[in-house]
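Colleague: Could you take me slowly through one part of this model, the place where the two chains meet, and then set it beside what else can be said about each chain?

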Amino acid sequence: MFVAAVAMIDSRAGAMVDTTGTQPGGIGAGFYPFWSAFVVFVCAAVVAYKSRRGPQGAPAFEGRQGVVAVLKLVIPMIVAVVAIRWLGFYIVSGLYMGLFARWIGRYRWLWVLVLSVGMPAAIYGAFELGFRVSLPKSVLYELGVLPF
Amino acid sequence: MEFFNVFGDLAGGFATALQPFNVFMLFVGVLLGLIVGVLPGLGGTSAVAILLPITVIIARSSPTSAVILLAGVYWGALFGGVVTSILFNIPGEPWSVVLLFDGFPLAKRKGKPGVALASSFFASFVGAFLATVMFTFFARALADFALSFGPPELFAVFIMSFATLVGLGAEAPVKAVMMIGFGLLLAAVGFDTITGQPRLTFGQIGILSGIGFVPVTIGLFGIGEILASAEESGIGFMERLSAKVGFSDVLETLRELRRRIWLVVSTGVIGFWFGILPGHGATAGSFLGYGLARQWARNKEDFGKGEISGIMAPQAAADAAAVGSLVPMIALGVPGSPTSAVIMAGLFIWGLTPGPLLFTEHHDFVWGLIASIYLGHLLTFVICLLAVPLLASIMRIPYAILTPFIVLISVIGAYSLNNSMLDVFITIIFGLVGYWLRKMKYPLAPLVVAIVLGDSTEKTLRQSLIGSGGNPLVLLQPPIATILMTLAVILLLIPIIRTIRSRGRARTAALEAETVGTAID
């Protein structure tokens, strides 16, 4: 909690620097963000003070299990989203589904294949063909090799 | 005269809502809502948020169909959330947490899962029906009243809605205020609409047009929730019970309902009025309903052991509050709950401005929505009684498939709004933020409400101040504004009074203990 409060103070301090140029107290563009930031700053200070004075709460993570479970989700998610730029949405979603099926679900390779082809195909059908929503395409699409 | 007008308008609304495409949308919405309600990883609010981009396409031909779809999801999720609470002791939705107290014990210890489920469905239906009737008759009056509001009055309404989030929230008022400030700051990012100056962009061109509340909401609720449940899933223990609702269960429930009809009706009515207060909605309503049922009951000791009143009262209040939460959204442009905040975001995206003028400018839309609330609840009720076993089987979709699917749907939802990868990154970042805030016990509802209301709050404040030449007293000049501001201050003082009182009590208890100790010595 203390960390969260400090992080908030820090980011709000940044926000204040950005807005103080426009006379706080006036009704210029910086008026409203400044006072919003001020509210956050004061509250963060109160939370930080309370968490320092009060009894030490439980640690953020109970043992390693929790952290590992969250990281198992977060890391592939970030990698996948970054990879969309080159691989496009459909290839990434196939790999992503396949990874989870094999790694977390420990499915047989046949099922992994079914999921990693079936899911993007279903999404392609629904969004690209049905709703006419164009999702990010791969480098291979731009080269004219693949339709997605 | 006014009274008969309502009937005419409602008939028109039914004519709109009963169009085949709208009935289809309602059916799809309710079904989706039931499914996400049953799934613990995905809430009604996140489902509505994820569906927003799709509704843009539907809204091009008819905004009414789009809102019917989203409202259908809300009603479906309200009913669906209880299924897992009662059968598996895992709440599918925040508002079904309270059903863990008596729903699961009735299903398991007393061996009556059918009665437990039917009780919650019947109570939901009665509560929602009552609330919809009240909605039909009072929403217009509220809207007419709201039309006389100028910028200072509207600003007071916004402040009051923020104050209720703080004052009536369960705990951590300081954190709630902080989340409101954070939300207002996020809403301020990008070009200032009055002076055209870029604000809080730190030189980034991509966010000059502001941070959209849709990617933020999808992140906070969709991604944040699966991260939070990933951490807890090791603890989760599933016990499967029969999910069938038999005819004898329905009869028994009807008998029980008849004995408790006044409880259900009164918690429904109170839930509705509570739902109108901005920022609450079904979750707070459900706890209020449970509290009232317990307070009024003669058999207080039966609560927590499978007492049917402990299921019916919170369900009636939760559903009524959910309907009530749409009233300020439609009539004032102030959402009454996180879900209605997201639905309101939809209205903005479709080019409609929620608020009093909606009744006059988009008459068909409003009455179509009202009629669809009646139909939606009837439909949900029937589907629930028939399809519970099927719904319960959704819980068996393995984690390894469900989780990546939710992530992919969130990515699509964030991207397709503006065809922008930046929105996807914002979604992921706010997913992490939402997870961390949940973990640190920061309330998310004030944050969402502040992001959605931030721009309007700033606009009304600055319009008032510009109009008065910078004199802040203008904010208190209209009598309604004075009353609302006073109420807001009182609401903000509630947590402080609560703290002082509990400290006082603790001190008295300590003193008493000391006196007793000395006497014994």
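Modeller: Two residues are in contact if their C-beta atoms, placed from the backbone, lie within 7 Å. Please keep in mind that this is a predicted model. With that cut-off, 50 residues of chain B are in contact with 46 residues of chain A. On the side of chain B that touches chain A, the elements giving two or more residues are the helices H3 (44-61), H8 (173-188), H9 (213-232), H18 (399-418), H19 (421-439) and H20 (445-467) of chain B. Of these, H18(B) gives the most, with eleven residues. Sorted by class, this side of chain B has 34 nonpolar, nine polar and seven charged residues.

Turning to the partner, chain A has five helices and zero strands, and read along the sequence its pattern is α-α-α-α-α. Of the 148 residues in chain A, 30% are buried, and among its contacts with a separation of 6 or more, 46% are between residues 24 or more positions apart.

Back in chain B, helix H2 (residues 20-38) is a useful one to follow by eye: its 19 residues reach 27 Å from the first C-alpha to the last, close to the 27 Å expected at 1.5 Å a residue. The buried residues of H2(B) include Asn22(B), Met25(B), Leu26(B), Gly29(B), Val30(B) and Gly33(B). When you look at such a list, remember that an α-helix has 3.6 residues a turn, so residues three or four places apart point the same way. Further along H2(B), Leu34(B), Gly37(B) and Val38(B) are also among the buried residues.

Terms used: Residues are numbered from 1 along each chain as its sequence is written. Chains are lettered from A and ligands numbered from 1 in the order in which they are written. This is a predicted model: local features need pLDDT of at least 70, side-chain atom pairs count only at pLDDT 80 or more; totals for chains, interfaces and linings use all residues. Helices (H or I, at least four residues) and strands (E, at least two) are DSSP runs, numbered from the N terminus. A residue is buried if 20 or more other C-beta atoms lie within 10 Å of its own, exposed if 12 or fewer, and partly exposed in between; C-beta atoms are placed from the backbone. The expected span of a helix is 1.5 Å times one less than its number of residues. Ala, Val, Leu, Ile, Met, Phe, Trp, Tyr, Cys and Pro count as nonpolar, Asp, Glu, Lys and Arg as charged, and the others, Gly among them, as polar.
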